[in-house]
Amino acid sequence: MMDIIRRIRWQDIVDVLLIWLIFYRLFLLIKGTRAVQMLIGIGVLLLTSMVSGYLKIYTLDWIIQSFWTYIIVSIVVLFQPEIRRALAQMGKAPFLPFTPAEELKSIDEVVKSAASLSARKIGALVVIERETSLKDYIEIGTYLEARVSRELLLSIFHPTSPIHDGAVVIKANKILAAGCFLPISFRPDIDKMLGTRHRAALAITEETDAVAVIVSEETGDISISVGGDFIKKIDMNQLRVELTNLFTQSSGRDND
């Protein structure tokens, strides 16, 4: 035992720590997603392959080995959103400036507009950019780059507005674009009663670190989506607290 310990180099310890960190980050990314079930299936296939090889069950081993290439390609195709999210998080800027007061003011404007839209049961989807760029989604919307205000958001989401469909994308104190069409999540665990806005909010927060605020046009309920999850049926005060916490924590992490 002592001989084995003496042979361990510091590079081996770093190697193990890096592998642990990579797998830990992958686990956090796929936690609660359909990728978990897929990984379990791959694990079963891998175990079956090892057992068939050990017991010399040649036909079964040959079939599994022949399908490995197709399995890898299928994983890449099926898990494009998760892969994009992982790469985006790896490429995030590690340092950003403090959250400016104007950004917090724009959050307050979003809260006020969500409350007004909720009271009138007007559907809305507001996506607030954090570190991951939403440029690809802005390009297919109507470019605005206007200061965030309750009045402007109410005008955009008014049913007679030509750009009331789709999402509004906000960055800091600016409404970058409106009428942006986002991908839709088809996760099987989503409540069947949720509509397109909620599914779009879920998809964009699965793929990026953005925060989405949703107002249901059926019930007037306000929800937040972040990290591919929902905080449902919150009131104006809860919305303000949640958004402030999210952006304050984000700023705090960046400045640690």
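Start at Ala-172, which at 27% relative accessibility counts as partly exposed. The model is predicted, and this residue is found in the loop between strand S3 (167–171) and strand S4 (174–180). Check the backbone here: phi of Ala-172 is near 55 degrees, a positive value in a residue other than glycine. Most residues other than glycine have a negative phi.

Select Lys-56 next. Its phi is near 60 degrees, again positive in a residue that is not glycine. The setting of Lys-56 is a loop, here between helix H3 (35–54) and helix H4 (58–78). With a relative accessibility of 56%, Lys-56 counts as exposed, whereas Ala-172 is classed as partly exposed.

Now zoom out to the whole chain. The secondary structure comes to 10 helices and 7 strands. The protein has 256 residues, of which 38% count as buried. Turn on contacts and keep those with a separation of 6 or more: residues 24 or more positions apart account for 62% of them.

Colour by pLDDT. The average for the protein is 81, and 83% of the residues score at least 70. Two stretches to pick out are residues 93–98, where pLDDT stays under 50, and residues 252–256, where pLDDT also stays under 50. For residues 93–98 the model has 10 contacts beyond four places in sequence; for residues 252–256 there are 7 such contacts. Where pLDDT is low, the predicted coordinates should not be read in detail.

Go to helix H8, residues 150–157. Show the side chains of Leu-153, Leu-154, Ile-156 and Phe-157, which are buried. How are the buried residues of H8 arranged when seen down the axis? They fall within an arc of 160 degrees, so they line one face of the helix.

Move on to strand S6, residues 222–226, and select Ser-223 within that strand. Is Ser-223 buried or exposed? Its relative accessible area is 3%, and the cut-off for buried is under 20%, so Ser-223 is buried. Leaving out residues up to four places away in sequence, display what Ser-223 touches: His-198, Ala-212, Val-213, Ile-214, Ile-231, Lys-232 and Lys-233.

Keep His-198 selected, since the next stop includes this residue. Bring up the second largest pocket, which holds about 360 Å³ of space. Which of its 16 lining residues are the closest to the centre? They are Met-193, Leu-194, His-198, Ser-216 and Glu-218. His-198 is thus both a contact of Ser-223 and one of the residues closest to the pocket centre.

Highlight helix H9 (residues 196–207): this helix gives the largest share of the pocket lining, 3 residues. Colour the lining by class to see 3 nonpolar, 6 polar and 7 charged residues.

For the last stop, select Asn-237, which lies in helix H10 (residues 236–254). Asn-237 is exposed, with a relative accessible area of 51%. Add Val-111 to the selection and draw a line between the two C-alpha atoms: Asn-237 and Val-111 are 126 residues apart along the chain, and the separation is 8.3 Å. Following H10 along to its end leads back into residues 252–256, one of the stretches where pLDDT stays under 50.

Definitions and conventions: Residues numbered from 1 in each chain as written. Predicted model: local features only at pLDDT ≥ 70, side-chain atom pairs only at ≥ 80, totals over all residues. Heavy atoms only, no water. pLDDT = per-residue confidence, 0-100. Contact = heavy atoms within 4.5 Å. 1 Å grid on protein atoms, 1.4 Å probe; cavity = no way out; pocket = protein on both sides within 12 Å on 5 of 7 lines; lining within 4 Å. Points joined across faces, edges and corners; volume = space filled by probe spheres on them. Helix = DSSP H or I, 4+ residues; strand = E, 2+ residues; numbered from the N terminus. Nonpolar A, V, L, I, M, F, W, Y, C, P; charged D, E, K, R; others polar. Buried < 20%, exposed > 50% of the residue type's maximum accessible area, 1.4 Å probe, protein only. Arc of directions from axis to C-beta.
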